[in-house]
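Please open the model in your viewer and keep the selection panel at hand, since the tour below moves from one selection to the next. Each stop says what to pick and what is found there.

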Amino acid sequence: MTFIRKTGITRQKIKELSADFAVLLAACCISSFSTVAVMIPNGLTSGGLTGIVRIMQNFIDADFSVLYYGCTGVVLIMVIIFLGWREFRKILMLSVMYPAVLFLFEQLNFQLLEERDVILAAVFCGVFSGTYIGLVFWKGYASAGTEAIARIIRKKLCPDLSMSRILLCVDAAIIVFSAFVFGRNIAMYALITQVIITRVSEMIIYGFTGKVVQLSIITSEHEGIKKYILEDLDRGVSSIRVTGEYTQTEFMELTVMCSLRESVLIRKKIAVLDPDAFVVVTKVEAVWGHGKGFSDIDKD
């Protein structure tokens with residue numbers, strides 16, 4: 001009780017952090033099981049940091065978890081140098097937790113499939129890994145994977161390109177390179193796995209909604225929310241003044257186009273700054289404009 005009073009940590013906050021930890025631990029277990037018990041025994045690979053480590057494992061005689069720890073450490077250092085401590089803190093928890101869970105699963109030496117079946121393995125890897133990513137994004141967290149690398153590339157080299165396009169190129173490059181290491185067939189299975197990962201993760205976060213959503217936020221704490229969207233998420237936002245006809249109270253309505261994961265982060269921020277805010281989430285089929293992450297209006 002004394003510690004809670006001194007640090008300003010409330011029981012509700014501890015409860016929320018405990019729930020987040022439980023979900024993240026479950027997600028790490030699912031993904032670790034997918035990698036150790038399905039992907040590696042069937043000689044498969046995928047995109048992301050997992051694909052990079054699988055390629056490295058073909059040349060370096062070391063356990064997957066050890067190489068993954070090493071790559072995670074390199075990405076963490078790159079994030080500190082190029083993105084700063086704020087981004088480092090966002091990815092630190094999973095960057096420590098996931099490789100540790102990987103190491104524990106490696107000690108079990110268990111295989112899901114009774115015999116080698118690359119098609120079944122590719123599908124199961126996609127479902128399990130997609131579940132991991134979906135749960136992590138749903139809770140608003142991130143890891144030291146290719147998303148962090150894509151953020152660095154965007155900030156330092158390609159500020160005009162969207163994160164989704166850069167991430168797609170990074171994962172595609174990993175899969176293409178894996179074709180030279182494991183063969184074209186394995187690369188094609190990796191592509192199937194990657195497609196399933198994307199679809200399953202989106203379904204977990206928002207069911208069958210699209211990749212881009214529009215948030216309409218009616219709030220009395222617009223300055224804090226607007227600052228978070230502009231500075232932390234690097235997204236554009238528009239605002240208009242509105243009046244609640246029932247109470248005749250004036251509010252600000254903020255409108256932002258963002259990705260699924262960013263919408264979850266915004267929701268968590270709004271819950272802290274203004275629990276009484278009113279938020280409408282709208283599925284967007286397409287966005288045309290000269291904004292970051294959207295299709296140019298003058299192109300086909």
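An angle between two helix axes under 35 degrees counts as roughly parallel, one over 145 as roughly antiparallel, one from 65 to 115 as roughly perpendicular, and the rest as oblique. This is a predicted model, and the tour begins with its helix pairs.

**Helix pairs**

Select helix 2 (residues 11-39) together with helix 5 (residues 85-108). The axes of helix 2 and helix 5 come within 9 Å and cross at roughly 45 degrees, and helix 2 and helix 5 are therefore oblique to each other. In this pair, helix 2 passes helix 5 in a right-handed crossing.

Keep helix 2 selected and add helix 6 (residues 118-138), whose axis comes within 9 Å of that of helix 2, the two crossing at roughly 160 degrees. That angle makes helix 2 roughly antiparallel to helix 6, and the crossing of helix 2 past helix 6 is left-handed.

Now select helix 3 (residues 48-57) and helix 4 (residues 64-82), which pack with their axes 10 Å apart and at an angle of about 120 degrees. Helix 3 and helix 4 are therefore oblique to each other, and helix 3 passes helix 4 in a right-handed crossing.

**From helix 5 into the loop that follows**

Go next to Leu108, which has its place in helix 5 and is exposed, with a relative accessible area of 56%. Show the side chains of Leu108, Phe110, Leu112, Leu120 and Phe124 together, because these residues make a nonpolar surface patch of about 440 Å², a patch being built from residues with over 30% relative accessible area and no salt bridge.

Then select Asn109, in the loop between helix 5 and helix 6. What is the sign of the phi angle of Asn109? The phi of Asn109 is positive, at about 55 degrees, although Asn109 is not a glycine. Most residues other than glycine have a negative phi. Asn109 counts as exposed, at 67% relative accessibility.

A second stop of this kind is Gln248, found in the loop between strand 2 and strand 3 (249-259). Gln248 is not a glycine, yet it has a positive phi of about 60 degrees, and at 52% relative accessibility Gln248 counts as exposed.

**Salt bridges**

Side chains of opposite charge can pair when their charged atoms come close. The count of salt bridges comes to nine, and three of these are worth selecting in turn.

Begin with Asp20 and Lys268, which form a salt bridge whose closest N and O atoms are 4.0 Å apart. This pair links distant parts of the chain, with Asp20 in helix 2 and Lys268 in helix 11 (residues 260-273), 248 residues apart. Are the two partners buried or exposed? Asp20 is buried, with a relative accessible area of 9%, whereas Lys268 is partly exposed, with a relative accessible area of 35%.

Move on to helix 7 (residues 146-156), where Arg151 and Glu147 both lie, four residues apart, about one turn of the helix. The side chains of Arg151 and Glu147 meet in a salt bridge, at 3.6 Å from N to O. Arg151 is partly exposed, with a relative accessible area of 24%, while Glu147 counts as buried at 16% relative accessibility.

Stay with helix 7 and select Arg154 together with Asp234, whose side chains meet in a salt bridge at 3.3 Å, N to O. Asp234 lies in the loop between helix 10 (222-232) and strand 2 (238-244) and Arg154 in helix 7, so the pair ties together parts that are 80 residues apart in sequence. Asp234 counts as partly exposed at 34% relative accessibility, and Arg154 is buried, with a relative accessible area of 14%.

To finish with the charged side chains, add Lys139 to the selection of Asp20 and Lys268, as salt bridges that share partners join Asp20, Lys139 and Lys268 into one network.

**Last stop in helix 11**

Select Ile266, which is found in helix 11. Ile266 is buried, with a relative accessible area of 1%. Draw a distance from the C-alpha of Ile266 to that of Ile204: the two residues are 62 residues apart in sequence and 17 Å apart in space.

Notes: Residues are numbered from 1 along each chain as its sequence is written. This is a predicted model: local features need pLDDT of at least 70, side-chain atom pairs count only at pLDDT 80 or more; totals for chains, interfaces and linings use all residues. Side-chain values use heavy atoms; hydrogens and water are left out. Patches are made of residues with over 30% relative accessible area and no salt bridge: like charges are joined within 9 Å, nonpolar side chains (Val, Leu, Ile, Met, Phe, Trp, Tyr) within 5 Å. Accessible areas come from the Shrake-Rupley method with a 1.4 Å probe; for residues, only the protein chains shown count as cover. Buried means under 20% relative accessible area, exposed over 50%, partly exposed in between (1.4 Å probe, protein chains only). Axes are lines fitted to C-alpha atoms, for helices over the stretch in contact, and angles run from 0 to 180 degrees between N-to-C directions. A crossing is left-handed if the near helix is turned anticlockwise from the far one by less than a right angle, and right-handed if clockwise.
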